Amino acid sequence: MKVSLFITCISDVVYPRVAAAIVKLLNRYGIEVDVPDIQTCCGQPAFNSGYWDEARASASTILDAFEASDFVVAPSGSCTGMIHHYYEELFKDDRVRLAQAIRLKEKTYEFTQFLVQVLGIKDVGAEFPHKVTYHPSCHGTRLLGIKEEPRELLSHVRGLELIALPHQEDCCGFGGTFAVKMSAISGAMVEEKADHVLVTEAEVLVGLDMGCLMNIGGHLEYRGEPVRIMHVAELLEEGVRRAHEH
Amino acid sequence: MLMSIRADHSTVQKTPDSVKGRAELALNNEFLRRAVKFTTERLKSGKLAAAEEHGNWEEWRERGRQIRLHTIAHLDYYLEQFVNNARAHGVHVHFASDAKEAVQLTMRIAKEKQAKSAVKSKSMVSEELHINHALEEEGIEAIETDLGEYIIQLAHETPSHIIIPAIHKNRHQIAELLSKEAGEDLPPDTAVLAGFVRKKLREKFLEADIGMTGCNFAIAETGSMVLFENEGNGRMVSTVPKTQITFMGMERIIPTLDDLEVMATLLPRSATGQRLTVYMSVLSGPRRAADADGPEEMHIIILDNGRSLQLGDTHFQELLNCIRCGACLNACPVYRHIGGHAYGGVYSGPIGAVLTPALNKNMAEWDDIASASSLCGACYEACPVKIPLHDMLVYLRHRKVEAGRGEQAEKMGMQGFRFIMSDAKRLKMIAKLGRWVQKPFVRDGKITTQIGPLKGWNAYRHLPSLPSETFREQWKQLEQELHASGRPTVHEEIRARMEKLVAARNQSDHMHAGDMARSSDLQAASRLKAAEGERRDER
């Protein structure tokens, strides 16, 4: 059974610790992870901006990278959502690529989906004695329907106090190139999201997408607020290590 | 093109041409932001509660979608049925291909009736026509009788929300406007303010020669037009004046009275969280001999104005399914911060961002509206007929690029993206280069400089610096470490789960595509069929 990691470009280049956490965590269950080297980016930045030829050039590396995989796991609801929701549209005029896209969609999972739905793991045996709040990113929630999986996983972490994020369903204002193109609107959105995070008095903000977390975390830092941002995989992996130290 | 005029006439300023400029203006208006946030939040939570209380919201939502899909797919048939039935009731039905023609038709009727004044109930279609302006030019007084619309008319503005036209104003600003009209100081007390307008409008209803309405739904099987409203002004407009003119978008049709039940459930709950609208009028023709009231003459002007452009367009036809509830505006985090005028068109929010360019043949001047979205999908989630507005926003951006109207800097950026992302070797190289370039700017693991492409980002945030190694660069060593640490064998239960999933996947792959055709998603089936063929070819 070949389980492959779709690193995602942001995790590869900016947050390698997230991809590493997934590999280490899965290793504990005996799952050997394969990391095809030809993968780059799902193509979403170009696709969402309307540059579909450019998006296809990037997305094709993903289609080719995972041809031989049985399962593909990604640390992002947004990149997984791109494959699930838009690849068929993107490749609709290319029969070979379209067939590849459909096969990829069937086997690609966001990380918490993979853990809970595929492996049936809800309690990884982690310990993390901190106040944590969770931001459900839009694409994971609305394109993939991820609602319970991360909560289920976090609810079993010993010592973790999960505080509900007010207006959690509101977008953080990242939106890829939107944050740069419409920076004032995006700035207003992230400001409001950060206000809500601060209301919870959480020490850690956890999520499924490093794009959103980079946005909210970057703004919190800009305001001098010491809230740590973590991917759910990072939190679980760190929590498992902590539990084993005792 | 419609442009809003600022409320304060002493500081009239030109409205910026770009959505970015208009948004920045709104973002600096604390009154507007607070008012819009307050009301959209109230409406949004009201809608969620009403959907929850309904109990079978998702089923009804799907039913609403199916009714709209079916109707629009057979629009020619149902329009004809509606027109024949309405004419049988004695209604004068007219068709207008654009706003100009609709205005001409209206003016002809008004002149024929030697009208001096008209009262209007709320109608977004009439906003497309700028009918008040046309009437006033001919010396005919046109009075808005919906409270919000009346306020907007006094302020010489345009609606900033599909159903709450004065959403951007607070009661103090409204009291100021109405005091001017009253010639005395009115307190910012909603009961007093509404009381004043009610009294004032009563005179207008009684003296008006023409009543003008919009049309929420037109029922094909009965030839009736349906009005939803909460203030009773729509009833006054459609019963007191001798002549009624109804403006109707050509897509407002539903097939039967039974379908109205679904719409009467979806629309008010989605719009305001009400279980039912306060007044729902189903009007089938002018006053009959035995009727106590009603207009002597009734006209319905059916307007195209860009709507038929969406017919047959696989990406945009579903736009015609919209029932104008405004739920997408209330759910939209962008709308909440910038309000409706920033969108620049008659319709605002996510629906406006798509509808305005679509109705205007995707003209270049509307190109930038689609960029004012983070593509979060809250609009789709809120929509009672499931219009995929977030997808349509992407399609609009794609059309702009395909038409060669992409911005130069972005185009170059995307060429760069293609160069880097089409080959993993280049991505690795660029990551190395990035680490070298960032060196002078990194402080404590972050970059705060606001230069070049970082300007927009760093004006509100810090940027994390690139770590010393990419994941790929770490991978070989990590892989060896994990291997050396002795990997446990996979638990039997986990292995079984995985194998079962793969087996199920292979089975569905080999399922005959004909079986799939019976499922609702025909498109998916045809794609699957194509994919099957492809795989056979490969073998």
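The side chain of Tyr87(A) reaches the backbone oxygen of Cys42(A) at 2.8 Å. This comes from a predicted model. Tyr87(A) sits in helix 5 of chain A, which covers residues 77–90. Is Tyr87(A) buried or exposed? Its relative accessibility is 0%, so Tyr87(A) counts as buried.

Which residues does Tyr87(A) touch, leaving aside its neighbours within four places in sequence? The contacts are Cys42(A), Ala59(A), Ile62(A), Leu63(A), Met82(A), Ala101(A) and Leu104(A). Cys42(A) is thus named twice: as a contact of Tyr87(A), and as the owner of the backbone oxygen that the tyrosine side chain reaches. Leu98(A) is 11 residues from Tyr87(A) in sequence. In space, the two C-alpha atoms are 7.8 Å apart.

## The nonpolar cores

Tyr87(A) also belongs to a wider group. The largest nonpolar core has 152 residues. Tyr87(A) and Ile185(A) have the most contacts inside this core. What does Ile185(A) touch, not counting residues up to four places away in sequence? One contact is Phe178(A), in chain A. The others are in chain B: Ala23(B), Leu27(B), Val334(B), Ile338(B) and Ala372(B). Apart from the largest core lies another, of 52 residues. Among its members are Ile22(A), Val124(A), Tyr134(A) and Leu235(A).

## Where the chains meet

Now to the contact between the two chains. How many residues of each chain take part? From chain B there are 89, in contact with 97 from chain A. The area buried between them is about 8200 Å². Carbon and sulfur atoms give 61% of that area.

Charged and polar pairs also span the two chains. Between chain B and chain A there are 12 salt bridges. The two chains also have 33 residue pairs in polar contact, counting pairs with both residues at pLDDT 80 or more. Which element gives the most to the side of chain B that touches chain A? Helix 24 of chain B, residues 522–538, does so with nine residues. By class, this side of chain B has 39 nonpolar, 19 polar and 31 charged residues.

## Salt bridges

Side chains of opposite charge can pair when their charged atoms come close. Over all chains, the structure holds 44 salt bridges. The table gives four examples.

| Residue | Partner | Closest N and O atoms |
|---|---|---|
| Arg17(A) | Glu234(A) | 2.5 Å |
| Lys44(B) | Glu169(A) | 3.4 Å |
| Glu32(A) | Arg487(B) | 3.6 Å |
| Glu181(B) | Lys200(B) | 3.6 Å |

Take the salt bridge of Arg17(A) and Glu234(A), at 2.5 Å. This pair links distant parts of the chain, 217 residues apart. Arg17(A) is in helix 2 of chain A, residues 16–28. Glu234(A) is in helix 13 of chain A, residues 232–245. Arg17(A) is partly exposed, with a relative accessible area of 39%. Glu234(A) is buried, with a relative accessible area of 9%.

Why does the salt bridge of Glu32(A) and Arg487(B) join two chains? Glu32(A) lies in the loop between helix 2 and strand 2 (33–34) of chain A, whereas Arg487(B) lies in the loop between helix 21 (471–484) and helix 22 (492–510) of chain B, so the pair joins two chains. Arg487(B) has 24% relative accessibility and counts as partly exposed.

The pair of Glu181(B) and Lys200(B) stays within chain B. Glu181(B) lies in helix 9 (residues 171–182) and Lys200(B) in helix 10 (residues 190–207), so the salt bridge ties together parts that are 19 residues apart in sequence. Glu181(B), at 34% relative accessibility, counts as partly exposed. Lys200(B) counts as partly exposed too, at 23%.

Salt bridges can also share partners, as one network shows. Which residues does this network join? From chain A come Glu169(A), Asp170(A) and Glu192(A). From chain B come Lys37(B), Lys44(B) and Arg336(B). Lys44(B) and Glu169(A) are thus in this network, and their own salt bridge is in the table.

## A buried asparagine in chain B

Last comes Asn233(B). This residue is in helix 11 of chain B, residues 233–239. At 6% relative accessibility, Asn233(B) counts as buried. Its side chain has a polar contact of 2.9 Å with the side chain of Thr145(B). Not counting residues up to four places away in sequence, Asn233(B) touches Lys120(B), Ser121(B), Lys122(B), Thr145(B), Asp146(B) and Phe205(B).

Notes:
Residues numbered from 1 in each chain as written. Chains lettered and ligands numbered in written order. Predicted model: local features only at pLDDT ≥ 70, side-chain atom pairs only at ≥ 80, totals over all residues. Heavy atoms only, no water. Core = buried A, V, L, I, M, F, W, Y, C linked by side-chain atoms within 4.5 Å. Buried < 20%, exposed > 50% of the residue type's maximum accessible area, 1.4 Å probe, protein only. Contact = heavy atoms within 4.5 Å. Buried area = accessible area lost by both parts, 1.4 Å probe. Salt bridge = Lys/Arg side-chain N within 4 Å of Asp/Glu carboxyl O. Polar contact = N/O pair within 3.5 Å; in protein donor to acceptor, adjacent residues only side chain to side chain. Helix = DSSP H or I, 4+ residues; strand = E, 2+ residues; numbered from the N terminus. Nonpolar A, V, L, I, M, F, W, Y, C, P; charged D, E, K, R; others polar.
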